[in-house]
Amino acid sequence: RGFMAKKVNFVKATQIAAETGKALAIAMGVIGLFANPWLILIALFIYMGANEEEKMVLIENVLKKIKIAEIMTPNPVYVTPETRASEVLEMMLKYKHLGYPVVDDGELVGIVTLNDVAKAKDAIVRDVMTRKVITINPEESAFKAFKLMNEHRVGRLPVVEDGRLVGIVSRTDLVRTLEVVGAIGGE
């Protein structure tokens, strides 16, 4: 891929390298049927690795060009620290989201999820919310949000600018963006 990237763009070089790797893996698997069964296992790992690398480079190529501000939901629904857990459950049914930012006097102070409120229906949000919140700036790339969501295993990120909640971006927003860009043939 490194050698080819000097001649063609990185994405195309990755696609060529991945296809070559997958073809070699298939050949190795066939040879493994007759020679050594361990080759089949090695071929499987090579094939999966080439496939995943190709997908990741394509995702990065699309999402790194898009800013969070372009795909986030502005002015998201939020709760306050004094909101009762039972009210949050009602909101989850009404708005169909399983997590909400917690805002106190205009500042993001936490996040509350279904897991938090399901255990303590009589509590207030302040007592059950998560205070350590992973956030993102609206000027960051969508790929950074993708990486953060995967690293921290979260489905949405509050978008914060100057300490204020300005939006929210979800995994669904990222997938929808990839689908739309893919449908219109963008690179």
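1. Start with helix α2, residues 10-34, in this predicted model. Does its length fit its residue count, and why? Helix α2 has 25 residues, and at 1.5 Å a residue these should span 36 Å. The end C-alpha atoms of α2 are 36 Å apart, so the expected span and the model agree.

2. Next, the buried side of the story for α2. Its buried residues are V11, A13, T14, A18, G21, K22, A25, G29 and G32. A lysine, K22, is on that list. The cover over these buried residues includes α1 (2-5) and α3 (37-63).

3. Now look at S141. This residue sits in a loop, with α7 (125-128) on one side and α8 (142-152) on the other. Its C-alpha atom is separated by 4.5 Å from that of K67, although the two residues are 74 apart along the chain.

4. Which residues does S141 contact, leaving aside neighbours within four places in sequence? They are L63, K64, I66, K67, I68 and I136. K67 thus appears again, as a contact of S141.

5. Turn to the largest pocket. About 340 Å³ of space lies in it. Its lining counts 17 residues. Nearest the centre of this pocket are T73, H97, R156, I168 and S170.

6. Which elements supply at least two residues each to the lining of the largest pocket? They are β2 (99-104), β5 (164-170) and α9 (171-183). The most comes from α9, which gives four residues.

7. The lining of the largest pocket is mixed by class. Six of its residues are nonpolar, six are polar and five are charged.

8. The second largest pocket holds about 210 Å³ of space. It is lined by 13 residues. I111, T113, T130, V154 and R156 are the closest to its centre. R156 is also listed among the residues nearest the centre of the largest pocket.

9. Three elements give two or more residues to the lining of the second largest pocket: β3 (107-113), α6 (114-118) and β4 (156-161). The largest share, three residues, belongs to β4.

10. By class, the lining of the second largest pocket has six nonpolar residues, four polar ones and three charged ones.

Note on methods. Residues numbered from 1 in each chain as written. Predicted model: local features only at pLDDT ≥ 70, side-chain atom pairs only at ≥ 80, totals over all residues. Heavy atoms only, no water. 1 Å grid on protein atoms, 1.4 Å probe; cavity = no way out; pocket = protein on both sides within 12 Å on 5 of 7 lines; lining within 4 Å. Points joined across faces, edges and corners; volume = space filled by probe spheres on them. Nonpolar A, V, L, I, M, F, W, Y, C, P; charged D, E, K, R; others polar. Expected span 1.5 Å × (residues − 1). Buried < 20%, exposed > 50% of the residue type's maximum accessible area, 1.4 Å probe, protein only. Contact = heavy atoms within 4.5 Å.
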